[in-house]
Amino acid sequence: MIDKKKLNDAMKGKKIPTQPTDPNMTLEVQNPEVEELMKNYAQEKTPEHQLIEKLRQSRMLVPANLNDKKQPVPCLIKSPTGELFLPIYTSKQQIPKEPKSAAVINMPFLVLNKLAAKPENKAAGIVINPFS
């Protein structure tokens, strides 16, 4: 049991942050280099190794629904051919307003890549900034 008086005494004069201080816990993800490399690749078919290397170092945003335990579960989208893909976004601005998901998760690209590769998720792959 926490002694409220001791806790209050210990917290006197301490400033409690109102925003996350860990960049891994914020939605303020920005990946301008990834976006630029994607644009160059799409227009000029430049070698993708630069894009892949930059993705490996990046964190992305993933829309999610909440399961019965109120834990976020990444959403999948269906292609016109019926295949499922894991949508990931380079920034908050890239996420479409509709349909709105219950949560957005900030995750490293490498973790997302492993998640999409798991057979039980039935994802054919990852799509970056779909609908934009």
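This report describes the helices, the strands and the two sheets of a predicted model of a single chain.

## Overall composition

The secondary structure of the chain comprises four helices and six strands. Read from the N terminus, these elements follow the order α-α-α-β-β-β-β-β-α-β, so that three helices come before a run of five strands, after which a helix and then a strand complete the succession.

Of the 132 residues in the chain, 25% count as buried. Among the contacts in the chain with a separation of 6 or more, 71% are accounted for by residues 24 or more positions apart.

## Packing of H2 against H3

Helix H2, which covers residues 32-44, packs against helix H3, residues 49-56, at an angle of about 155°, and the axes of H2 and H3 lie 9 Å apart. Since angles over 145 degrees count as roughly antiparallel, H2 and H3 are therefore roughly antiparallel to each other. The crossing in which H2 passes H3 is left-handed.

On the side of H2 the contact is made by Glu33, Val34, Leu37 and Met38, while H3 contributes Gln50, Leu51, Lys54 and Leu55. By character, the residues of this contact of H2 with H3 divide into five nonpolar, one polar and two charged.

## The sheet S2-S1-S5

One open sheet of the model consists of three strands in the order S2-S1-S5, and its pairing is antiparallel. Strand S2 (72-74) and strand S5 (103-108) stand at the edges of this sheet, and because each has a single partner strand, one side of each is left without a neighbour in the sheet. From one strand to the next, the twist averages 50°.

Strand S1, residues 59-66, pairs with S5 in the antiparallel sense over six bridges. Within this pairing, Val104 in S5 is the bridge partner of Pro63, and Met107 in S5 is the bridge partner of Met60. S1 is also joined to S2 by three bridges, with S1 and S2 running antiparallel, and here Leu66 has Pro72 in S2 as its bridge partner. S1 and S2 form a hairpin with five residues between them, and in the turn of that hairpin Lys70 has a positive phi of about 65°.

## Helix H4 across the sheet

Helix H4, which covers residues 109-117, lies across S1, S2 and S5 and runs at about 105° to S5. The strands that H4 lies across are those of the sheet with the order S2-S1-S5.

## The sheet S3-S4-S6

A further open sheet of three strands has the order S3-S4-S6, and its pairing is mixed. Its edge strands are strand S3 (77-78) and strand S6 (123-128), each of which pairs on one side only.

S3 pairs with strand S4, residues 84-88, in the antiparallel sense, and this pairing extends over two bridges. Across from Lys78 stands Leu84 in S4.

Definitions and conventions: Residues numbered from 1 in each chain as written. Predicted model: local features only at pLDDT ≥ 70, side-chain atom pairs only at ≥ 80, totals over all residues. Heavy atoms only, no water. Axes fitted to C-alpha atoms, helices over the stretch in contact; angles between N-to-C directions. Parallel < 35°, antiparallel > 145°, perpendicular 65-115°, else oblique. Left-handed = near helix turned anticlockwise from the far one by under 90°. Contact = heavy atoms within 4.5 Å. Nonpolar A, V, L, I, M, F, W, Y, C, P; charged D, E, K, R; others polar. Pairing = 2+ DSSP bridges. Buried < 20%, exposed > 50% of the residue type's maximum accessible area, 1.4 Å probe, protein only.
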